[in-house]
Each structure stands twice: as structure tokens, then as C-alpha cells.
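Please look over the sequence and the structure before reading on, and keep both in view as the text moves from one region to the next.

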Amino acid sequence: MAAGLGGCIVGPSSKDIPPLPERTGYSQKNITQSEAGRDRSSDSLLHRQQFISGADVPGRWWEAFQNPRLNQMVELALTNNQTLKAMQAGLRAAWEQRRVEGASLYPSISAQFIPTRNKTSKALSPVPNNNEWLYNLHTAQLNIGYVPDLWGGSRLAIRNAKAQADIQRFQLEATTLTMISNIVNTAITEAGLREQIRAKEVLIAQQTAMVRINQNQVGLGDQSRQSQLLLRDSLAQLQADLPPLRTQLAQTRDQLATLVGLSPNADLPIFELKDFTLPHQLPVSLPAQLLLQRPDIASAQAQIRSAGAQLGIAIANRLPNVQLSALPGEAVDSMSKMFKPGMGNWMLAATVTQPIFQGGSLLHAQREAKANYEQAKEYYKAAIMSAVSDVADSLHAVELDGSTLLADQNGLDAATQALHIAEAQHRLGDNSQIDVAQARMAVAQDQISVAQDKVTRLSDTVGLFQALGGGWWNRNDLGVSPKDAKRLSTTLVPW
């Protein structure tokens, strides 16, 4: 009977995963490229971006920005980030726990050796060993136990441990992806802040020059005191804008140091917008592929398997259970007689247990496990919708952010041409120095807008890579060699 029932597993199947909803997509229209751009511009950040449907996401996607300093920071973080190291250690512990649960499928064997010195009562019992009431006893014994897995409870515990390890693995992948994305975005933010600070300094310098010129005109009676005060007010506002930008830049540098596992006083490379190349072709995974690529969806799948295994365990706990045991051994009064004929002893036992009344705890535990299982499936469906929405949002952002950048760039080009005209007129004496300063301020203001647009465009591209899963299946984030990962892992690793 034990052999016949040994293949039974109660509870839901581990393959019972809700399917992708029908007609799930990212947009009502087919998006093939960004809406605007200058493909012949020497500045790659102005180019259009093409979307390649069904293309695979590279594991080292950050290299698409062609910034060696950025690559250096990401590689340093992958080997030096303390949070990542802690999660890698936790994953190894989860793998080992799965192997601990696997031991329940095998018999347990332990050995005992018990030497004793004994005294028996002469008055109340026969005296053994030729009227000797003091004697020695040496007992050597094996304890053998085995619990047949009649209802699959042990295998369900293994399945649960496997699912828990998978959850930890995909949480590790999600943390790694978030860390890499934060590093790339932080470097981009730093570059944009440097551009804005330089433009803001130009604005302050030109406004200061205008205040000085106006002050001279007030002294000559050509301008009113009111105009001077208004110019000083504008200068004070510009000067007030500069410290927050510098503070943000310093904090951004501190954040980058922390992400790569270094202290804020570490010597980090400098990032400039001109050092980033905008990827012209971007992969777009199909919704069905997204189920396999997003760490949060994979983690939600593992959570369903874990909850299903716990439901099966709760059902198995209400069914009869069998425990087999054997105690072979020997008991001798002197070590010289050990392992000689006639000294052996043994015991075989079988115990059948059927829960009868537990105050309803087993029934309610099963109902609780079933509710948790249904909850896990709903969370999985929500994770799918969230993932599809993330990709859709990123696609729309990348599609349209080029239009904003192109409009501001056109404004900057016009302001630059106006500045050249103003400078030429000033050399001919046709306008004042204030006209030139105002033209330069217009250029600097447009440079701030363009820098912000470029940061947004680069960050939106990072967001798309992140929304698609970041290509974790094409690299090793587990903190062990591929050989060890295949030996320890409970799931198939692609490499």
C-alpha cells in the first residue's frame, strides 16, 4: 500500500498558473519608432529611435550608451554592492534549505553506543551474573526511521522550498536590475546637472553685467533707480537657483558612490551628457515573452507554486500517516563479547496516525492555505498588468520625448543664431552690450531646457530596458560560478 500511494501528491498542480489575458498589448497602434528626431545630426541624442519587436534584451544593456566610465561603475557595483552580496548569500542559503527538505524522502539512520555501570537490588530481584549485583552493560544500536511519503507531503515541502528559493532568486534579479538602472540614471542626472549649472552660471554672469551697465546708466541719468532694482531682483533669483543645483549634484555623487559600494569621499569619474550615446535601436519584447523576462512576474509565479505546495501540505496533514522504525543492536556485559553470536537484539515497528480531533485547526489551516493560494494567483495577474503597463508607459515616453527635445533644440538653434547676429551688430555699433547680454541669456536658458530634455530622453530609454526585465537571463547575477549555479539551483539557468 505504501508503494502504491508513494506517487500521490495532493493539492493543486505546480503548473496551475493563470494564462496571459487574451489580446494583451502595449498600444492600440503599432509603434515602430520615436516621433521626431534629426537622424543626420552629429548629436546622437537628437536621433530617432527604432523599436525592434521580439528582439532579445542584452544582459549588458547599459553598454548601449557607449560610455566606458558608466560601464566601469556598473561592473564595480556588481562586485561591490553590499545589498547585492547579502541577497546572494541569502539565495545560497535558500538553495541549501531546499536540499535540507529533500532529505525527508530518505530513511534516517543514527548510531548509539551506551556504556553503563549497573547495580541491582539483592533483596527485591534475582542477582544476575553469578550472584554479582554489580555489572556492566554495553549497548550498541542503530536507530532507523522512515516515513513513506503517502500523500506527497514531503515532496510538497520540497516544492515549497524550491519555490521559496526561486522567489529569492528573482528578488535578487529585481534588486540587481533596480541597482543597475539607478546607477545609469544617477550618472545621467549628474551629467544633466553639470550642464544646467554651467548654463546657470552664464545667466548669472550676463545678468551681473547688465546690472553693472544699468548702474552706470543710472549714474548718468539715462535709467531710473527702479530699473536697477528690478535687475538686481532678477540677479538674486538666478543666484538663489544655483546652490540647490550644486547641492543636488553633490548628493547625486554621494548616491552614485553608495550604489557602487564606496564611501562619499571616493574618487568617482565625471559624467557629461556629450559622453552618452543614445541607442538608436531598442528591443521590444512581446507580451508573452514578458512573462518569462520580468523578475516580478517570475517571483509571482514562484509564489503561486509555494502557496499551492502549502495547500497540499495542509491537505496531507489531515490524512493518515505511516512511520516505520527499526532498532537493531547488541547488548553485552563486556566489550570482548561485542558482535558475537547470541548477543544481538532488534525491534521493528510501524505506527499509523490519523488525526481525529484537533479543535478544527487542521481544517482551518487548509482553508487558510487555499485563500493564500487564491491570493497569490490574483497578485500574479496584477503583476502581469503592471508589467505590461510599465512597458507601455516606457514605449510612449520614448516615442514622444524626442518631440520635446527637438522643439527645445530648435529654440536653442534660433537663440544661438540671434546671438551671432547681436554680436555682429555690436561689433558694428548697431546695438548695446545689454542686447548682447540678453541674447546670451536666451541661449543659456534654452541650454537648460535642452539639457533637461536630454536627461529625460536618456532616462526614458533606461526605463524601457528596465521595464523589459533588463536581460538578466543573459548574465550571471547569482554570485557563484555557472557550474555551481547549475549544481545548486532549483530552476534551469540559461548559461
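The paragraphs below go from confidence to the interior, then to the helices, a cavity and some single residues.

The model shown here is predicted, and a careful reader begins by asking how confident the predictor was. The protein averages a pLDDT of 88, and 94% of the residues score at least 70. That confidence is not uniform along the chain, since helix H1 (residues 2-5) has the lowest value, with a mean of 49, whereas helix H2 (residues 68-80) has the highest, at 95.

With that in mind, we can turn to the interior. In soluble globular proteins, nonpolar side chains tend to be buried together. In this model the largest nonpolar core holds 72 residues, and the ones with the most contacts inside it are Trp61, Leu70, Ile183, Val184 and Phe276. The element that gives the most to this core is helix H9 (residues 361-427), which supplies 12 residues. Apart from this core lies another one, made of 18 residues, including Leu193, Met210, Leu231 and Leu245. To see how one residue of the largest core is surrounded, consider isoleucine 183: leaving aside its neighbours within four places in sequence, it is in contact with Leu70, Met73, Val74, Ala77, Leu256, Leu259 and Val260.

Two helices let us compare a computed span with an expected one. Helix H8 (residues 295-316) has 22 residues and reaches 31 Å from its first C-alpha to its last, close to the 32 Å expected at 1.5 Å a residue. Because 17 of its 22 residues are buried, H8 is largely enclosed by the rest of the structure. Helix H10 (residues 433-467), with 35 residues, reaches 51 Å between its first and last C-alpha, close to the expected 51 Å. After H10 comes glycine 469, whose phi is positive, near 105°.

H8 also matters for the next topic, the empty space inside the model. How many cavities of 30 Å³ or more does a search of the whole structure find? The search finds one, and the largest cavity has a volume of about 30 Å³. Its lining is formed by Pro12, Ser13, Ser14, Arg159, Ile304, Arg305, Gly308, Ala309 and Tyr373, and the largest share of that lining, four residues, comes from H8.

Finally, some single residues show how surroundings vary. Threonine 139 lies in strand S3 (residues 134-146). Is threonine 139 buried or exposed? Its relative accessible area is 18%, and because buried means under 20%, threonine 139 counts as buried. Not counting residues up to four places away in sequence, threonine 139 touches Gln112, Phe113, Ile114, Glu330 and Ala331.

Glutamine 358 lies in the loop between strand S8 (348-353) and H9, and at 45% relative accessibility it counts as partly exposed. Glutamine 358 and arginine 318 are 40 residues apart in sequence, while their C-alpha atoms are 9.9 Å apart in space.

Two further loop residues have a positive phi although neither is a glycine: arginine 23, at about 55°, and glutamine 66, also at about 55°. Arginine 23 has its place in the loop between H1 and strand S1 (50-53), and it is exposed, with a relative accessible area of 85%. Glutamine 66 lies in the loop between S1 and H2, and at 53% relative accessibility it too counts as exposed.

Note on methods: Residues are numbered from 1 along each chain as its sequence is written. This is a predicted model: local features need pLDDT of at least 70, side-chain atom pairs count only at pLDDT 80 or more; totals for chains, interfaces and linings use all residues. Side-chain values use heavy atoms; hydrogens and water are left out. A nonpolar core is a set of buried Ala, Val, Leu, Ile, Met, Phe, Trp, Tyr and Cys residues joined through side-chain atoms within 4.5 Å. Buried means under 20% relative accessible area, exposed over 50%, partly exposed in between (1.4 Å probe, protein chains only). Helices (H or I, at least four residues) and strands (E, at least two) are DSSP runs, numbered from the N terminus. Contact means heavy atoms within 4.5 Å. The expected span of a helix is 1.5 Å times one less than its number of residues. pLDDT is the predictor's confidence in each residue, from 0 to 100. On a 1 Å grid over the protein atoms alone, a cavity is a set of points where a 1.4 Å probe fits but cannot get out, and a pocket is an open set with protein on both sides within 12 Å along at least five of seven lines; lining residues have an atom within 4 Å of a point. Grid points are joined across faces, edges and corners, and a volume is the space filled by probe spheres set on the points.
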